Structures are given as C-alpha cells and as structure tokens.
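Me: Hi! Could you walk me through this structure before I set anything up? I'll keep the questions short.

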Amino acid sequence: MKSRTVWVAAFAALLVGAAPAKPAERDLAADRVRAHVEFLASDLLKGRDTGSEGHRIAAAYVASEFRELGLKPGGLNGSYFIDVPFRKATFDAPASITLTVNGKKMPLVTGKNAAIRPSVTSHDVSLSAPLVFVGRGICDKQLGVDDYAGLDVRGKIVVALPDRLPGVPTDVAAHLASIQAQTAGEQGALGIIVLDDSSTIAGDIQRFSKRPVIDWVDSQGRSSRASSAQSIAVSSEVTERIFERAPRQLRAIRADVATGKKVRGFPLPASLSITAKSNWEDFTSPEVVAVLPGSDRKLAAEHVVLMGHLDHLGVRADAKPGEDAIYNGALDNAAGVATMLEAAHEFVDSGKPPRRSVMFIANTGEEYGLLGASYFASHPTVPADKIVGLVDLDMPLLLYDFTDVVAFGAKHSTTARAVAAAGAGMNVAVSPDPMPQESLFVRSDHYPFAKQGVPAVFLMTGYANGGRPLWQKFLGETYHSVKDDLGQAIRWDAGAKFAELNYRIARAMADGERRPMWYAGDYFGETYAPGQPKARR
C-alpha cells in the first residue's frame with residue numbers, strides 16, 4: 001500500500017507545469033473574479049431566484065463567458081443550457097387531518113397542531129392509516145441497522161425519532177437523517193412523522209403548512225422525492241396523545257436513547273386520516289453546462305466536474321419601503337461561480353488540454369434543496385459512469401488571505417490526495433471540518449452526485465489566519481441575509497487564489513493515470529458505488 005506522502009507526491013508531479021501564478025497574473029485574475037462577482041451580485045439581477053428573469057440573465061452571462069473561453073456547449077440540443085422542469089406546489093385550503101386514538105376521533109387544526117406538505121406529483125392526497133413507531137427509522141445494510149425489522153409498515157404512517165445514530169461519523173449520521181422519508185417510502189409506508197422537537201412549536205408547524213414545495217418533475221412524472229413517504233408534522237400535544245396508551249411511553253423511549261439502549265418499534269393505538277388538494281405552478285430554470293474536451297483518446301470520455309450554484313434567494317417579500325430587499329448573494333454564491341469561471345480560464349490559458357474532459361456547471365435551485373444538481377445527477381448529458389470526480393465551489397469566504405481550506409467529502413475518496421497536492425503547491429493546508437455539527441457534506445450540490453457514486457468534494461476557505469472569527473460573524477449575521485452584498489470587504493486576491501487552487505485540484509484529477517476512487521470500506525463508496533474499484537487509504 002502506498003503511503004499518503006507517496007500519493008501526494010505522485011499528484012504533485014502532475015502539477016509541475018502549473019507554476020504558481022506571477023503577481024501580475026494574479027492581479028489580472030483578481031480583476032476577472034471581481035468583474036464576475038460585481039455583475040452576478042448586482043441589484044440588476046434581483047437576487048437570482050430560481051426561475052426568475054434575474055437568474056436567466058445570470059445564466060446567459062455565464063454561458064457567454066463559457067463561449068468566450070472556447071468551451072464546448074454541454075447542455076441539450078447543442079446549447080449551454082438544460083431547462084430544468086420545476087413545479088411549485090401549494091394549498092389553497094388547509095388540509096383536513098383527523099387523529100383517532102383508541103377509537104376516539106379528534107379533528108386537528110392544520111397549521112396549529114398538525115400539518116402536511118403539498119405534493120408535486122399528486123394533486124389529491126387522501127389517506128387513512130394506522131401509525132407504527134419505528135425508532136430512528138433507519139434501515140441500512142452497511143451499518144447492519146434495521147429499525148423496520150419485524151414491523152409491517154406497508155400502507156401505514158411511521159413515527160420516527162430525530163435522534164442520530166450514535167457511534168457513526170457526523171456526515172453519515174446527517175445522511176441517514178436526510179433520507180428518513182425516502183427509507184420509509186421504500187419500506188412501503190405512506191407517510192412519516194419525525195418527532196423533531198423544533199416542529200412542536202406552533203409557529204414552526206404553521207410555516208411547515210404554508211411553505212410551498214418546489215421540486216423538479218421530469219417527463220416521466222418523477223421527482224427528487226418520488227420514492228419518499230408523505231411528511232407530516234405534529235405538535236407535542238398530539239405526540240402525547242399518540243403515545244398515551246402505547247406499549248411504551250415516549251418519555252421512557254427517550255430515556256433509553258439518552259443512555260444508548262436499543263430502541264425497538266411497535267404498532268401504535270392510533271391512526272391518521274388526511275385529505276388535501278395541491279395546486280401546481282410549472283416553470284423552468286436553466287443549468288449552464290460547458291465542456292473542455294480531453295486530449296487523451298483513452299480518457300477523454302471521462303469527465304471531471306467543476307461546479308457552483310448560480311441561484312440565490314431573490315427579493316424579500318416582507319421588506320418595508322426604503323429597506324434593502326435584495327438578497328444579492330455576493331459570497332453565496334456569486335463568488336463560487338466567479339472562481340469556477342476563473343478556473344476555466346486557467347485551464348484554457350495553460351495551453352495544455354487536460355487528459356480527461358472537464359465539465360463546468362452553474363447550477364440552479366440549490367437554495368431550494370440542491371435541486372438543479374439533483375436533476376443533472378439524475379439526467380446527465382454524458383453517460384453517468386463517465387462522470388468520475390467532482391469539485392463543488394460553494395460560498396468561499398473571500399474576506400481574508402486564507403492559508404487553509406476544508407475539503408468536505410475528501411476523506412471518503414482519493415480526491416483527498418488531489419486536494420492535498422494542490423494545496424501543498426500553494427502553501428495552503430487542508431484542515432479538518434471545524435463545524436461538524438453543521439453537516440455540510442449533505443448541504444451542497446456535490447451531495448446528489450455522491451449518491452450517484454461520484455467521488456466528490458466541497459471546498460471552503462478555512463479557519464486559519466483570521467478565518468474563524470470572520471466565518472462566525474458571516475454565519476451569524478450575513479449568511480442568507482441582504483447583507484451578503486458588494487458592500488463587504490471582499491478580497492479579490494483571495495478569489496484569484498481560491499480559483500487557482502480549484503484549478504489545480506481539477507487538473508490533478510483530469511490528468512491522473514487513474515480516475516478518482518472511493519476508499520475501500522468507505523460508507524458512501526460501498527453504499528452508492530459497490531461495483532467500482534476501490535483504493536486503499
């Protein structure tokens with residue numbers, strides 16, 4: 001087995017031709033990054049909301065930059081675009097929800113003590129089903145956990161705890177939590193209630209009830225949630241009623257969870273009846289895709305992807321006259337797209353075509369749940385098995401001269417070696433995740449590709465050299481607010497540096513003798529790419 005040092009040295013050898021940018025070149029790169037961000041984050045684009053005119057203008061801008069660089073169209077029908085078919089589902093009238101406990105019916109007030117979400121695939125929801133408690137609701141062969149064992153949940157509504165499985169890495173635990181509804185649907189359940197304490201607050205249930213559902217729906221009627229059970233929220237008072245005559249009380253179950261004891265499921269003496277009608281509004285929003293063809297006849301069909309999401313949050317609907325109403329999204333994620341464009345410029349400017357092809361994608365719908373990336377991962381414009389590695393550029397904090405980066409997902413695959421080699425060539429360290437509680441591995445556009453078996457990494461600037469307080473301030477005061485605009489003290493030289501780093505990572509992946517590989521025994525590799533060759537750590 002090769003040591004990590006040997007592997008990093010091998011990747012570094014691929015970057016011999018990628019000499020550090022000279023000061024004058026770095027200045028020009030910084031100016032290009034600045035120009036991109038200043039346009040994409042301008043008030044003219046009204047926050048680049050998915051499906052909006054501002055987002056379409058931004059997409060046209062990115063496509064024109066791809067064309068100017070000489071990149072080939074990677075979308076549909078010889079264009080740079082894929083118009084993702086979105087659907088927005090809402091309720092005109094509140095759903096009707098009735099709880100029955102031990103034969104006694106109790107109508108629930110939608111938005112106060114119970115709620116469901118609209119559906120993008122069924123106009124009408126009509127179900128009446130018994131409830132079954134399923135512990136954490138996990139069924140996972142890799143971990144040897146099956147909370148559904150011995151339970152028949154077909155045609156029923158399951159009730160699951162929100163508690164994460166102890167003893168597993170945080171990213172795996174977050175992944176399992178994110179697929180609870182999907183797991184329930186695959187087991188045959190019609191609905192799922194997750195007993196999340198945050199949903200017991202009346203205001204949270206009201207928002208759950210009123211918030212639209214936006215998802216892609218393809219020509220076959222499939223969506224990203226197609227196999228998932230219907231999500232249902234209930235208040236703490238309703239939860240108590242559900243368990244009041246159950247074989248075990250919820251307080252005792254939670255005590256077992258707190259002490260690490262195994263929790264087993266059981267049928268509950270309760271049922272729910274639900275009727276609701278969803279209204280639909282269909283629209284499209286573009287992914288922007290370009291390709292730099294590879295030069296190696298044996299490897300050119302394989303693609304390494306550099307991507308960043310182009311969309312943001314649009315305009316504040318509740319802004320008062322005279323207030324700033326535009327979510328400009330300068331760092332989230334005009335900066336990521338700008339550095340992706342600059343990385344593309346460096347590929348072209350190098351004069352050396354990559355051995356593998358390199359695909360550049362500006363995603364839409366990230367802010368609504370990674371939807372554009374999810375659609376592309378499910379409907380790629382090249383054979384799915386020819387996407388061999390991916391780097392996601394999302395919200396680099398360009399407010400300081402970063403000296404380290406965090407590579408979320410790198411520990412799962414040999415992408416770690418490309419990141420380490422690229423960083424070593426620029427005196428940029430690779431640091432461990434400083435905020436594992438945020439579960440960032442499942443919260444950006446690389447994640448849908450990882451679930452399609454693609455080794456993927458999401459890069460952010462690190463906590464060193466003054467980064468920690470700036471990150472804490474940004475996440476606490478600026479993130480997803482109108483303050484994320486061009487009034488921030490953005491370091492354009494940091495943008496050029498981040499672009500060069502990502503260029504070097506993608507170059508190492510594109511020029512390596514072997515495609516990026518999952519590590520043997522890795523949870524995500526074994527779950528989503530069982531047939532792919534694996535690397536030793």
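Reply: Happy to. One term to start with: the expected span of a helix is 1.5 Å times one less than its number of residues. Also keep in mind that this is a predicted model.

Me: Good, let's use that on α14. How many residues does α14 have, and how far does it reach?

Reply: Helix α14 has 20 residues, and its first and last C-alpha are 28 Å apart, close to the 28 Å expected at 1.5 Å a residue.

Me: And is α14 largely enclosed or open?

Reply: Of its 20 residues, 19 are buried, so α14 is largely enclosed by the rest of the structure.

Me: Which salt bridge do D511 and R507 make?

Reply: Their side chains meet each other in a salt bridge, at 3.2 Å from N to O. Both residues lie in helix α14 (residues 492-511), four residues apart, which is about one turn of the helix. D511 and R507 are both buried. There is also a network: R26, E500 and R504 are joined into one by salt bridges that share partners.

Me: How many salt bridges are there in the structure?

Reply: The structure holds 24. Another one pairs R34 with E38, at 2.8 Å from N to O. These two residues sit in helix α2 (residues 23-40), again four residues apart, or about one turn of the helix.

Me: Are R34 and E38 buried or partly exposed?

Reply: R34 is partly exposed, with a relative accessible area of 39%. E38 counts as partly exposed too, because its relative accessibility is 34% and buried would mean under 20%.

Me: What about E323 and R316, how do their side chains meet?

Reply: In a salt bridge as well, at 3.6 Å from N to O. E323 counts as partly exposed at 37% relative accessibility, and R316 does at 23%.

Me: Changing topic: the core. Which residues have the most contacts inside the largest nonpolar core?

Reply: That core has 76 residues, and those with the most contacts inside it are V62, F66, L306, F360, L459, L501 and I505. In soluble globular proteins, nonpolar side chains tend to be buried together.

Me: Let's zoom in on I505. What is I505 in contact with?

Reply: Leaving aside neighbours within four places in sequence, I505 is in contact with V391, A418, V419, A422 and L459. There is also a second, separate core of 34 residues, which includes L127, V159, L161 and V257.

Me: Where does V391 sit in the strand pairing?

Reply: V391 stands opposite V457 in β19. Strand β19 (residues 456-461) runs parallel to β16, and four bridges join the two.

Me: Which strand do five bridges join to β16?

Reply: That is β14 (residues 303-309), and these two strands run parallel. As one example of the pairing, H303 stands opposite I387 in β16.

Me: Is β16 mostly covered or mostly open?

Reply: Mostly covered: seven of its seven residues are buried.

Me: Now the backbone, since I like to check geometry. Where is there a cis peptide bond?

Reply: A cis peptide bond joins D332 and N333, with omega at about 5°. N333 is found in helix α9 (residues 330-349). For context, most residues other than glycine have a negative phi, and most peptide bonds are trans.

Me: Which residues other than glycine have a positive phi?

Reply: Two examples are M395, with phi near 55°, and S439, also with phi near 55°. M395 lies in the loop between β16 (387-393) and β17 (404-408), while S439 is in the loop between β18 (429-431) and α12 (446-450).

Me: Are M395 and S439 buried or exposed?

Reply: Both are buried: M395 has 10% relative accessibility, and S439 has 7%.

Me: Last one, T478. Where is T478, and what is T478 in contact with?

Reply: T478 is in helix α13 (residues 467-478). With a relative accessible area of 11%, T478 is buried. Apart from neighbours within four places in sequence, T478 has contacts with K473, K483, D484 and Q488.

Me: Great, thanks. That's what I was after.

Note on methods
Residues are numbered from 1 along each chain as its sequence is written. This is a predicted model: local features need pLDDT of at least 70, side-chain atom pairs count only at pLDDT 80 or more; totals for chains, interfaces and linings use all residues. Side-chain values use heavy atoms; hydrogens and water are left out. A salt bridge is a side-chain nitrogen of Lys or Arg within 4 Å of a carboxyl oxygen of Asp or Glu. Buried means under 20% relative accessible area, exposed over 50%, partly exposed in between (1.4 Å probe, protein chains only). A nonpolar core is a set of buried Ala, Val, Leu, Ile, Met, Phe, Trp, Tyr and Cys residues joined through side-chain atoms within 4.5 Å. Contact means heavy atoms within 4.5 Å. Two strands pair if DSSP finds at least two bridges between them.
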